[in-house]
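These are my notebook entries on one structure, set down in the order in which I looked things up. I begin with a helix and the strands beneath my cursor, and I add the meaning of each term where I first need it.

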Amino acid sequence: MRIDILTLFPDMCDTVMSESIIGRARKNGKVQINCIDIRNYTQDKHRRVDDKPYGGGMGMVMAAQPIYDCFQSLCGELGCRPHLIYLTPQGRTLTQERIKQLSKLDNIALLCGHYEGIDERVIEALEPEEISVGDYVLTGGELPALIVADAVSRMLPGVLSDDECFQEESHYNSLLEYPQYTHPAEWQGRQVPEILLSGNHAKVDKWRREQSLKRTASRRPDLLERAELSDEDKDFLSQLEKD
């Protein structure tokens with residue numbers, strides 16, 4: 001997969017994407033991530049990419065021309081139109097299910113807004129998918145774009161050591177993850193659950209599933225409506241309600 005981040009701060013994005021698991025995946029050719037400077041495409045002799053909003057108001061608005069030309073240049077380089085995503089608080093909230101769908105694509109372009117946003121006309125011209133990472137506002141789209149790039153990249157084959165690394169995590173199957181523990185077995189008087197020390201993998205799996213269900217029911221009951229539940233899961237949840 002190739003992911004292109006269209007941004008005014010390519011060095012910021014490239015630094016983050018060069019670290020840890022994603023950084024190793026890039027070096028090993030598991031994913032290609034490019035950070036493209038929108039400013040390189042402005043026709044303004046002072047390299048300006050923004051201006052005051054028509055109608056007045058606070059802040060500046062990113063101009064349509066540099067964004068449009070940047071994306072068209074990318075399309076020409078690829079020989080196709082990548083799936084374009086504009087990171088904006090006005091978009092549909094990102095979910096793990098959407099991440100799974102995006103990870104099946106060959107090319108994704110992530111457009112980072114800044115200041116007070118971007119000229120509405122380039123949104124109309126390019127018709128991007130609009131995604132929000134939550135009901136709050138940041139100074140720019142770079143952090144949300146990095147979230148999407150990270151979440152998608154780790155779903156790709158070979159990026160993580162094993163598919164189970166993400167298949168049992170929170171939200172992957174619309175359930176929150178079970179509690180995790182490591183050495184030592186006792187810390188400040190708190191014990192690791194005995195079942196995890198038993199060596200009985202079947203019992204450990206059952207305990208983890210029940211803990212996942214219990215935690216989801218307690219913290220995010222709304223997720224249970226989308227989860228695939230067995231009859232045994234439903235019986236366990238029913239017993240929780242009675243207790």
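Entry 1, a helix and its strands. I looked up helix α3 (residues 64-78) and found that it lies across β1, β2, β5 and β6, running at about 160° to β1. Contact here means heavy atoms within 4.5 Å, and the axes are lines fitted to C-alpha atoms, for helices over the stretch in contact, with angles from 0 to 180 degrees between N-to-C directions. Helices (H or I, at least four residues) and strands (E, at least two) are DSSP runs, numbered from the N terminus.

I noted that this is a predicted model, in which local features need pLDDT of at least 70 and side-chain atom pairs count only at pLDDT 80 or more, while totals for chains, interfaces and linings use all residues. Residues are numbered from 1 along each chain as its sequence is written, and side-chain values use heavy atoms, with hydrogens and water left out.

Entry 2, the sheet. In what order do the strands of the open sheet lie? I read the order β2-β1-β6-β5-β7 for these 5 strands, with parallel pairing, where two strands pair if DSSP finds at least two bridges between them. The edge strands are β2 (32-37) and β7, each of which pairs on one side only, and the twist averages 30° from one strand to the next.

I then went through some of the pairs. Strand β1 (residues 2-7) runs parallel to β2 and is joined to it by 6 bridges; Leu-6 has Ile-36 as its bridge partner in β2. Strand β5 (residues 83-93) pairs with strand β6 (residues 107-112) in the parallel sense over 5 bridges, and the partner of Ile-85 in β6 is Leu-110. Between these two strands the chain passes through helix α4 (residues 96-102), in a β-α-β crossover that is right-handed: with the strands pointing away from the viewer, the path from the first strand over the helix to the second runs clockwise. On pairing with strand β7 (residues 129-132), I found that β5 again runs parallel, over 5 bridges, and that Thr-93 has Ser-132 as its bridge partner there.

Entry 3, the cysteines. How many disulfides are there? Taking a disulfide as a pair of cysteine sulfur atoms within 2.5 Å, I got a count of 0. Cys-70 is in none, and its nearest cysteine sulfur, that of Cys-75, is 9.8 Å away. For Cys-75 the closest cysteine sulfur is in Cys-80, at 7.4 Å, which is too far for a bond.

I also checked whether cysteines are buried (under 20% relative accessible area, exposed being over 50% and partly exposed in between, with a 1.4 Å probe and protein chains only). Cys-70 is buried at 1%, and Cys-75 counts as buried at 13%. Cys-13 lies in helix α1 (residues 10-17) and counts as buried at 0%. Leaving aside neighbours within four places in sequence, Cys-13 is in contact with Ile-5, Thr-7, Cys-35, Glu-142 and Leu-146.

Entry 4, helix α6. Why do I call helix α6 largely enclosed by the rest of the structure? I do so because 9 of its 12 residues are buried, among them Glu-142, Pro-144 and Leu-146.
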